[in-house]
Every structure is written in C-alpha cells, then in structure tokens.
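Here are my notes, as promised. Keep the structure open and check each point against it as you read.

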Amino acid sequence: MQVGKKYKIIYDRNGCIGALTCLIASKFFKENIEDGKADLLNGKEIKHEIFELEIDEEFLKMALDGAGVCPVNVIHVIDLETGEQLI
C-alpha cells in the first residue's frame, strides 16, 4: 500500500492579526474567542506561539488555501520530502 506524501503546516501565532481568513481551512483553523486570533487545531507548539501540524497529501489543497489567504503571511506549508516551502 502506497502512502501519500506528508506536509507540515507551520503557524506563527505571534504575528496573527485576527483577520481569520484562514478559517476557510476549517479542518485546521478555528477562532480563539479569548483573543480573536486563529488557533491551529491539534498543532504542537514548537516554540513560544509557533505551532506545527503534519498533514497528509489529501488535505494539501485545503492547507494551501488557508495559508494563501493569510494577509500577514504567518502560515506556511512545507513539503516534508523535499523541504520546499510551498507557501
């Protein structure tokens, strides 16, 4: 059985301005009602307010859509096989 490629979402919550455009990727992002910023659902905090989440290829388009509409560019998608930053 072939396993699809893996990707990683990296989210720098420090820079989030609460535009919440990333919520189009509702599988990954949700509004935090306490401060109005987005939270990366099931994300692991790797540094203060920097979160990452590994995803399967089947969810790549949704992740790219969510990252692509962020007005302050604090969401990135990385191809784990090549290390290339897609957004």
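1. Start with Cys-22: its sulfur sits 6.3 Å from the closest cysteine sulfur, the one in Cys-16, and that is too far for a bond. A disulfide here means a pair of cysteine sulfur atoms within 2.5 Å. Cys-22 is also buried, with 6% relative accessibility. For that word, the cut-offs are under 20% relative accessible area for buried, over 50% for exposed, and partly exposed in between (1.4 Å probe, protein chains only).

2. Cys-70 tells a similar story. The closest cysteine sulfur to its own is in Cys-22, 6.6 Å away, again too far for a bond. Cys-70 counts as buried too, at 15% relative accessibility. The final tally for the structure is zero disulfides.

3. A word on what you're looking at: this is a predicted model, where local features need pLDDT of at least 70, side-chain atom pairs count only at pLDDT 80 or more, and totals for chains, interfaces and linings use all residues. Residues are numbered from 1 along each chain as its sequence is written, and side-chain values use heavy atoms, with hydrogens and water left out.

4. Now find strand S5, residues 50–56, which pairs with strand S4, residues 44–47, in the antiparallel sense over three bridges. (Strands are DSSP runs of E, at least two residues, numbered from the N terminus; two of them pair if DSSP finds at least two bridges between them.) One bridge partnership is Glu-45 with Phe-51 in S5. The two strands make a hairpin with two residues between them, and in the turn Glu-49 has a positive phi of about 65°.

5. S5 has another partner: strand S1, residues 6–12, runs antiparallel to S5 and is joined to it by seven bridges. So how much of S5 is buried? Five of its seven residues are, so S5 is largely enclosed by the rest of the structure.

6. Glu-52 deserves a closer look. This residue lies in S5, where it is the bridge partner of Ile-10 and also stands opposite Lys-44. At 18% relative accessibility, Glu-52 counts as buried.

7. What does the side chain of Glu-52 join up with? It makes a polar contact of 3.3 Å with the side chain of Lys-8. (A polar contact is a pair of N or O atoms within 3.5 Å; within protein, one must be able to donate a hydrogen and the other to accept it, and residues adjacent in sequence count only if both atoms are side-chain atoms.) Setting aside neighbours within four places in sequence, Glu-52 has contacts (heavy atoms within 4.5 Å) that include Ile-9, Leu-40, Gly-43 and Ile-46.

Notes: Helices (H or I, at least four residues) and strands (E, at least two) are DSSP runs, numbered from the N terminus.
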